[in-house]
Amino acid sequence: MVEDPVGVESALMAAGAAAGKGANLVEWRVDGLCEDEAGFKACRFLVEQSPLPCILTCRIEEEGGQAFGIEPDRPGLYRALASAGVMPRYVDIEAAAWRSDRELRMAVGELIQTDDCGLILSTHDFEGRPTDLARQLDVMWAEEDVSVVKVAWRARSIRDSLEAFDLLDEAAGPMIALCMDRFGVMTRVLAGKFGGLLTFASLGSDQETAPGQLALQQLRDLYRYDSISPSTKVFGILGDPVEHSLSPLLHNAGCRESGFDGVMVPMPVVEGWESFKASLACMLDHPSFNLSGMAVTSPHKQNLSRFVEESGGTLTPMVHRCGSANTLVVLPDGSLVADNTDTQGVVGPMKQVMSLKGARVAMLGAGGAARGAAIGLLLEGAEVVVFNRSEARAHELVKDVSDQMGGTVSIEYQSGGPKATDGFNAVINMTTLGMQGGPAPEASPLEALGGSVDLLNENVVVLDAVYSPLQTPFIRQALDKEAKVITGDAMFLAQAAAQFRTWTGQAAPLDAWKSLMP
Ligand code: NAP
């Protein structure tokens, strides 16, 4: 975005830096430079000096332009460029303006009469999907001067993104189809998979020119845009919110390290069975989307097990026991498997430092994470004692889990917190206490539930599910008492590693993953 002639030099330098990071085209947004001769001169200079082939765009306000208060003289700009023989690779003109403005058509016509410059006809909707999208596209494709058709609209759900992929699949020529905002991020990452001419990226995270646009570095380093092809398998992190999930960071790095042709993209789906069902069905039905798996998080873990069961797929024994799933696998024949790797997140790291058979474990908390943890621990032969703020919820967990496990396991609720005299070998925190942004970031669950820090010593294992921050008040207490400590990242990595193995058949690159954890 070049707002005035003074900004031209720094814009050229920024584009040079983007070229160094792998961009191969630059769009000069000159919304504020189409007013007078000084602006035209600055535009000529930009195009002439551009370190990359460029798209020159002077966007009008109605379609997202930022030339507030300036009356753009676009015909004047394009004539000035044509008479100087200065050719951008493309000029982008809104389809509506192209149809209604004869003078604009004539001026652009002077630029595009050679093969050096092409016309992008575009349409943008910042509110939602245009109701007459199909008709608009027909009109644009029918235009004899068009080189590229571009359509961008604000996605209302990820189903809009899938429609953008359909448009690319069916395109009559070079096309750009992107959805804006958080439901459209996958269109920006996967454009190349569906034959989209290009995707846009911003120079940095605060420099987007459209909602949901990713930074160049994210697109190339995190999502590996250049390695995505029609055969690339798509994985998702589905939930709400998903924007801050670490899953794409780990699984995309895993694909890179292991040479696996896959990519993980965010799939935000709002709460509710209907939205979950519609979104997943739409992705599974899409002929070229290639959905191969998903990590599913709050609030959809129970919806995933229900969906797979109702579709005639397979629920692993762990899903039956936990009543929820965090992993979807789509087998090559299209059949579905729902798994739950959350339990492995607790059990895996604990088994590395202690024997769980016969161990007495104090479990603080009785929510969703606690349920999976209890089942995993009982399956390993541990005894579990539950401590929780809400007694009723703890009793419910004890009853459900005992019923699931056939009643032969040792799980009970105890009021008051765990004490030194109780003889626990491990204490695990499955509450949200100590979590940044949670109910009490400075609280230790041990004391909040009436327990005593005296039970911690070098023979006791302490695990905290909270991973933001890693050094929770509970972990700090454990370190002070020289207990063996397992922080929340180990749990997160272990459940993600189990997912990666299920999807790719390969071991997760744990050392690389550890170096990526914030
Ligand atoms: P959840 O279902 O909402 O359960 C929350 C638990 O915290 C309940 O036991 C609740 O007690 C307790 N709690 C909340 N506020 C409390 C307070 N002020 N005082 C005492 N207890 C309180 O949450 P969840 O999904 O199980 O997640 C629990 C934690 O595990 C979260 O921090 C989550 O980020 C973390 N987690 C980590 C991983 C990982 O891979 N590291 C994976 C899953 C979850 P009541 O029953 O009395 O409300």
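Biologist: Why is Cys58 called buried?

Modeller: Buried means under 20% relative accessible area. Cys58 has 1%. That value is under the cut-off, so Cys58 counts as buried. Keep in mind that this is a predicted model.

Biologist: What makes Cys34 buried?

Modeller: The cut-off is again under 20%. Cys34 has a relative accessible area of 0%, so Cys34 is buried.

Biologist: How do you know that a disulfide joins Cys34 to Cys58?

Modeller: Look at the sulfur atoms. A disulfide needs two cysteine sulfur atoms within 2.5 Å. In Cys34 and Cys58 the distance from S to S is 2.3 Å. That is within the limit, so the pair is a disulfide. By this rule the count comes to one disulfide.

Biologist: Why is this pair said to link distant parts of the chain?

Modeller: Cys34 and Cys58 are 24 residues apart. Cys34 lies in the loop between β1 (26–29) and α2 (37–49). Cys58 lies in the loop between β2 (54–57) and α3 (74–84).

Biologist: Why does Cys282 have no bond to Cys179?

Modeller: The sulfur of Cys282 has its closest cysteine sulfur in Cys179, 12 Å away. A disulfide needs the two sulfurs within 2.5 Å. The gap is too far for a bond, so Cys282 and Cys179 are not joined.

Biologist: Is Cys282 buried or partly exposed, and what of Cys322?

Modeller: Buried means under 20%, exposed means over 50%, and partly exposed is in between. Cys282 has 26%, so Cys282 is partly exposed. Cys322 has 9%, so Cys322 is buried.

Biologist: Now the ligand. How do you know that Ala369 makes a polar contact with the ligand?

Modeller: A polar contact is a pair of N or O atoms within 3.5 Å. A backbone N or O atom of Ala369 lies 2.7 Å from an oxygen atom of the ligand. The distance is within the limit, so this is a polar contact.

Biologist: What puts Gly368 and Ser390 in polar contact with the ligand?

Modeller: A polar backbone atom of Gly368 is 2.9 Å from a ligand oxygen. For Ser390, a polar backbone atom is also 2.9 Å from an oxygen of the ligand. The limit is 3.5 Å, so both pairs qualify. The protein covers 77% of the 920 Å² of accessible area that the ligand has on its own.

Biologist: Which helix gives the most to the shell around the ligand?

Modeller: That is α19, with three residues. Both α15 (368–379) and α19 (488–504) supply at least two.

Terms used
Residues are numbered from 1 along each chain as its sequence is written. This is a predicted model: local features need pLDDT of at least 70, side-chain atom pairs count only at pLDDT 80 or more; totals for chains, interfaces and linings use all residues. Side-chain values use heavy atoms; hydrogens and water are left out. A polar contact is a pair of N or O atoms within 3.5 Å; within protein, one must be able to donate a hydrogen and the other to accept it, and residues adjacent in sequence count only if both atoms are side-chain atoms. Accessible areas come from the Shrake-Rupley method with a 1.4 Å probe; for residues, only the protein chains shown count as cover. Helices (H or I, at least four residues) and strands (E, at least two) are DSSP runs, numbered from the N terminus. Buried means under 20% relative accessible area, exposed over 50%, partly exposed in between (1.4 Å probe, protein chains only).
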